[in-house]
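User: Hi! I've just pulled up a model and would love a hand reading it. Could you walk me through a few things?
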Amino acid sequence: MSVHLDPWRMIRRRPARTVAAVALATATVAGGVSVFAAGTDSTGAPSAEVRVGRGEVTAAVAARGAVQPAANRTLAFTADGTVVEVRVRPGDEVSVGQELAVVDDGDVRAEVDRARQVLAEAEETLAELEDAGATDCVTGVVDREGAGGTSGTRIIGVAATAGGAGGGRSAAGTIPTGSGSATPATHQPSVPPVTPSPEPTVTASVTPPVVDQDTPTPAAPSGPDSSGGRPSSTADPHGCSAGGTGDADPLLRAHQQVTAARLALAAAQDRLAGTTITAPVPGRVLAVAGPVGTLVRAGGRFIDLAVVDGMQVAASFPEADAGRIAVGQPAAVSLASSPETELAAEVVQVDPVGTAEGQVIAFGVRIAFAEPPANLLIGQTVAVRVEIATVRDVLRLPIGAVRGEPDDSGVVRLVGAAEPHPVILGIRGDRFVEIRAGLTEGDRVLAAM
């Protein structure tokens, strides 16, 4: 059997094999040129060449947070009653002094009227006592004209009284003054004269008792007894006890009653003012406890008001990051509606105690806007970035050009070097790493693409 070969068939097959060979060679050459241009690192991954330069390196930590008011105010009535007006709803913006709700004030107004009447009666009683020349047993001062015609008499001391027509009298340490004077008795006392002490002493002035010649019974002493005991507690004609306790002093009691009545009136007026809730600060109403007709108690929460002038962000950071956050550090906030725009902010609070979130202990951080936008919503989700460290004008490399270790050490691959080159690292930011030692400005390093 013979095999016949068609020469035309052989001619048609040869160009196909030639084309395939040429295509394979072209692909090989192109691939070689591409690898040569990009270079490879020790792992065989393509890499690019970068140079060590100078600039700023910023380290930051990031988290998610929510917009919250700077403070909340709980507003309440100061009197019991029934709500007769509610002038706001949740979500309303209010200004300082705006009336928000009113409770029935009939009972409180009646209480204020009674307190005014009690005060008027107490003041009238005090005025009558002062006009009658009552003596204050505590201060020993006669406010008006004293008894016995001693006009303008002032007696300084304890348990002092104004002098009468028969003479002045004072307790220990008192000095009577005025137009009246004590006239000694015409009869000689039956007691022997007192020999003055060689040493000068300070003693109480005591008027010697008057003894009638026909009845030689000595009068009872008005000062301390011979044993140095306390003065007698017998009350004088003005209602003061000799001991000066003031328990029986009508003028002192009148002053106390006036003071108590004034305090009671002020408290009743405060309760009357509290029958209307007004906004203490500008804000936004978060909640209202009830509608018109609700029975309320004094001090019970009725309106929750959020202070929106100082809107803040409440975020939570794990303990590894929270330990590097401090009050005053700059921050940036991005809203979900415009993630590409960062709003300037600042850390204003770091919680001293953490809370467990699963297996991680997290710490709350409050961040305040430098200029809060007008369209913020309470509870709105935002992205937060806190700058924990920043250095300027330092040697740096892109983050992908350095392989860092847990400590401050790291390695880079220099262009043309066969082995990794050790370096000392500083701050590690999101884009760049600070190079503290091991490289100089302008060195060429391979960075992973």
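User: Let's jump in at Asp-80. Is Asp-80 buried, partly exposed or exposed?
Analyst: Asp-80 is partly exposed, at a relative accessible area of 44%. Keep in mind that this is a predicted model.

User: Which residue does Asp-80 form a salt bridge with?
Analyst: That would be Arg-297, with 3.3 Å between the closest N and O atoms. The two come from distant parts of the chain, 217 residues apart. Asp-80 sits in the loop between strand 3 (71–76) and strand 4 (81–86), while Arg-297 sits in the loop between strand 11 (295–296) and strand 12 (301–307).

User: And Arg-297, buried or exposed?
Analyst: Arg-297 is exposed, with a relative accessible area of 63%.

User: How many salt bridges are there by this rule?
Analyst: The count is 17. One of the pairs is Asp-105 with Arg-109, at 2.9 Å from N to O. Arg-109 is partly exposed, at 45% relative accessibility.

User: What about Arg-271, which residue does Arg-271 form a salt bridge with?
Analyst: Arg-271 bridges to Glu-111, and their closest N and O atoms are 2.2 Å apart. Arg-271 belongs to helix 3 and Glu-111 to helix 2 (residues 106–131), so this salt bridge ties together parts 160 residues apart in sequence. Both residues are partly exposed: Arg-271 has a relative accessibility of 29%, and Glu-111 has a relative accessible area of 25%.

User: Which residues are linked in a network of salt bridges?
Analyst: Arg-54, Asp-393 and Glu-441 are linked that way.

User: Switching topic: Asp-249 caught my eye. Where is Asp-249?
Analyst: Asp-249 is in the loop between strand 8 (141–142) and helix 3 (250–273). Asp-249 is buried, yet has no salt bridge.

User: Why does Asp-249 have no salt bridge?
Analyst: The nearest side chain of opposite charge is Arg-253, at 6.6 Å. A salt bridge needs the nitrogen and the carboxyl oxygen within 4 Å, so Arg-253 does not qualify as a partner for Asp-249.

User: Then which backbone nitrogens lie 3.1 Å and 3.2 Å from a polar atom of the side chain of Asp-249?
Analyst: The backbone nitrogen of Leu-251 lies 3.1 Å from a polar atom of that side chain. For the backbone nitrogen of Leu-252, the distance to a polar atom of the Asp-249 side chain is 3.2 Å.

User: Nice. Now the overall picture: how many helices and strands does the protein chain have?
Analyst: The chain has four helices and 23 strands. It has 449 residues, and 30% of them count as buried.

User: What share of the contacts comes from residues 24 or more positions apart?
Analyst: Among contacts with a separation of 6 or more, 67% are between residues 24 or more positions apart. As for the surface, the chain exposes about 27,700 Å², with carbon and sulfur atoms supplying 56% of that area.

User: Let's do sheets. What is the strand order in the open sheet with strand 4?
Analyst: The order is 9-6-4-11, four strands with antiparallel pairing. Strand 9 (276–278) and strand 11 are the edge strands, each pairing on one side only. Strand 4 and strand 6 (residues 99–103) are joined by three bridges, and Val-86 has Ala-101 of strand 6 as its bridge partner.

User: And the open sheet with strand 3, which strands stand at the edges?
Analyst: That sheet runs 3-12-10-5, again four strands with antiparallel pairing. Strand 3 and strand 5 (93–94) stand at the edges with a single partner strand each, so one side of each has no neighbour in the sheet. Strand 5 pairs with strand 10 (residues 283–288) over two bridges, where Glu-93 has Arg-284 as its bridge partner.

User: Last one: how many bridges join strand 2 to strand 18?
Analyst: There are 13 bridges between strand 2 (residues 53–68) and strand 18 (residues 381–398), which run antiparallel. Gly-55 stands opposite Val-394 of strand 18. Strand 2 also pairs in the antiparallel sense with strand 13 (residues 312–318), over four bridges, and there Gly-65 stands opposite Ala-315.

Definitions and conventions. Residues numbered from 1 in each chain as written. Predicted model: local features only at pLDDT ≥ 70, side-chain atom pairs only at ≥ 80, totals over all residues. Heavy atoms only, no water. Buried < 20%, exposed > 50% of the residue type's maximum accessible area, 1.4 Å probe, protein only. Contact = heavy atoms within 4.5 Å. Areas by Shrake-Rupley, 256 points an atom, 1.4 Å probe, with all protein chains shown as cover. Lys, Arg positive; Asp, Glu negative; His and termini not counted. Polar contact = N/O pair within 3.5 Å; in protein donor to acceptor, adjacent residues only side chain to side chain. Pairing = 2+ DSSP bridges.
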